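Please open the model in a viewer and keep the selection tool at hand. The tour below proceeds stop by stop, stating what to select and what is found there.

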Amino acid sequence: MIQFLLAAPRSGSGKTTLTCALLAALKKRGLDPCAFKSGPDYIDPMFHRAVLGVESHNLDLFFSAPETVRTLYAKGAAGHGAAVCEGAMGFYDGLGGVSDRASAWHLADTLSLPVLLVVEPKGQSLTLAAELNGLNRFRTPSHIAGILLNNCSEKLYRMLAPMLERETSLPVLGFLPRLPQAVIGSRHLGLYTAAEVEDLQQKLVLLAAAAEENIDWPRLLALCDKEPPVWSEENAPAPARVRVAVAQDEAFCFTYAETLEALRDAGAEPVFFSPLKDTALPENIGGLYLPGGYPELHAEMLSKNTVMRNEIKARIEAGLPTVAECGGFLYLGQSLADPEGKRWPMAGVLPGEAEDAGRLVRFGYAELTAEGDSMLFRAGEHFPVHEFHHWDSTANGTALTARKPVGGAEWRCGFANEHFYAGFPHLYWAGTPLPQRFATAAEHYRSTHD
């Protein structure tokens, strides 16, 4: 089975572009690839899915223990001919930027994956070799197996490749030329989502063709061919006992595939709906999940769907088990300002008014501690979470305490009771008791509201 992790010395080196190019080329070669993302990013897996037409999964060693990550990788890779992991940030950049924990290197080390390092030869030549040697010797083993040059002309590649191989003893496995017509734009939370990129499929065709032409496939495939991870289907999902409504549209698009799979494993069937376009929640549900996304970009349309806003408010206040994270949390507030600063009424379940803070707020990993018992949490329990948002609320809640793993910054957040959780932190449900607790609450609600 072909397996590797794509990493880079720094952010902005083109990891996502090269990942999509290689995935498309592997798919064209009939290898039926699957994809993974190192870390908590929601957006890059959307591009993997656009290439493959199948799920991409997050693997995060802050969220999950190494054994859980190995299990998730083996489960996601099962039945495929290739598995491609996309790294995050710089190769060794982990918690707080001062640790290699939860870095791309940590993931490669945990899964014993060969690493292909994506490098832009910009303003460097021999010095690039020195940088690569430093990266290769920084940790033992580094797992670096080869180099890919990005945004590189053929002429420059012909000049650099022999020198880099001589100076680093690492094979240079090819390059991607500069392709302005295949550029994917970005905004405040990173790349535009795959659904928003005009002519994405045409861009992917260009990237696949460039990869097919300019990558040394025989060497790459030989370097990255290893035994597939062992996966057993012993733990089959529980039969669906209750339906849970899951918001999924342009405004609510940040959902970990592993969270939905964990809910299914717990006996809850996700049923998708759109707070933007639908006029009613799905029928016969026992729970409601409002994930993150970009509600601020769709505030007017969300606000004008008053029938949906009113039903969600009424159902939550009547005790419908509900989880709302980040964008879902903003939707449940009193109002939400759009990027122009105009305020729009929201569902009105929570007291906060939300607007653009003009910067990333409480960005990064944190540990969430429950102050008391509730639907999802038990007093004193700790859960790893992640925050990534520019909008902030005037009322973020006080039911839990969040603490940074590096630096120790601490704050209160979240609303929680026996049938409800809402807050900015994104939870990672796989490998935790959260799916079963939510499914149990939903099943109990459904049994008492038939």
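Contact, as used throughout this tour, means heavy atoms within 4.5 Å. Helices (H or I, at least four residues) and strands (E, at least two) are DSSP runs, numbered from the N terminus. This is a predicted model, in which local features need pLDDT of at least 70 and side-chain atom pairs count only at pLDDT 80 or more, while totals for chains, interfaces and linings use all residues. Residues are numbered from 1 along each chain as its sequence is written, and side-chain values use heavy atoms, with hydrogens and water left out.

**Stop 1: helices 1 and 2**

Select helix 1 (residues 15-28) together with helix 2 (residues 43-52). Axes here are lines fitted to C-alpha atoms, for helices over the stretch in contact, and angles run from 0 to 180 degrees between N-to-C directions. The two helices pack at an angle of about 20°, and their axes are 9 Å apart. Angles under 35 degrees count as roughly parallel, over 145 as roughly antiparallel, 65 to 115 as roughly perpendicular and the rest as oblique. Helix 1 and helix 2 are therefore roughly parallel to each other.

Display the side chains between them: T16, T19, C20, L23, A24 and K27 of helix 1 meet D44, F47, H48, V51 and L52 of helix 2.

**Stop 2: from helix 2 to helix 7**

Keep helix 2 selected and add helix 7 (residues 200-214). This pair packs at an angle of about 80°, with axes 10 Å apart. That makes helix 2 roughly perpendicular to helix 7. On the helix 2 side, select F47, A50 and V51; they meet L200, Q201 and L204 in helix 7.

**Stop 3: helices 3 and 4**

Next, select helix 3 (residues 66-77) and helix 4. Their packing angle is about 75°, and their axes lie 10 Å apart. Helix 3 and helix 4 are therefore roughly perpendicular to each other. The residues to display are P66, V69, R70 and Y73 in helix 3, which meet L107, T110 and L111 in helix 4.

**Stop 4: the cysteines**

How many disulfides does the structure hold? A disulfide is a pair of cysteine sulfur atoms within 2.5 Å, and the structure holds 0 of them. Select C34 and C85: the sulfur of C34 is 7.9 Å from that of C85, its closest cysteine sulfur, which is too far for a bond. C152 is likewise in no disulfide, the nearest cysteine sulfur being that of C224, 20 Å away.

Buried means under 20% relative accessible area, exposed over 50%, and partly exposed in between (1.4 Å probe, protein chains only). C34 is buried, at a relative accessible area of 2%. C152 is also buried, at 1% relative accessibility.

**Stop 5: backbone features in loops**

Select T140 and P141, which are joined by a cis peptide bond with omega of about -5°. P141 is found in the loop between helix 5 (126-138) and strand 6 (144-150).

Move to M89, in the loop between strand 4 (82-86) and helix 4 (104-111). Phi of M89 is near 55°, a positive value in a residue other than glycine. M89 is partly exposed, at 40% relative accessibility.

N284 lies in the loop between strand 11 (268-273) and strand 12 (285-290). Its phi is near 55°, again a positive value in a residue other than glycine. At 48% relative accessibility, N284 counts as partly exposed.

**Stop 6: the six-stranded sheet**

Select the open sheet of 6 strands, whose order is 11-10-12-13-23-22 with mixed pairing. Two strands pair if DSSP finds at least two bridges between them. Strand 11 and strand 22 (415-417) stand at the edges, each with a single partner strand, so one side of each has no neighbour in the sheet. The twist from one strand to the next averages 15°.

Strand 10 (residues 242-247) runs parallel to strand 11, and 6 bridges join the two. Within this pair, A247 stands opposite F273 of strand 11.

Now add helix 11 (residues 306-317), which lies across strand 11, strand 12, strand 13 (322-325) and strand 23 (420-423), at about 115° to strand 12. Helix 13 (residues 434-448) lies across strand 10, strand 11, strand 12 and strand 13, at about 140° to strand 12.

**Stop 7: F424**

Finally, select F424, in the loop between strand 23 and strand 24 (426-427). F424 is buried, with a relative accessible area of 2%. Not counting residues up to four places away in sequence, F424 touches several residues, including C326, F329, R362, H386, W391 and N396.
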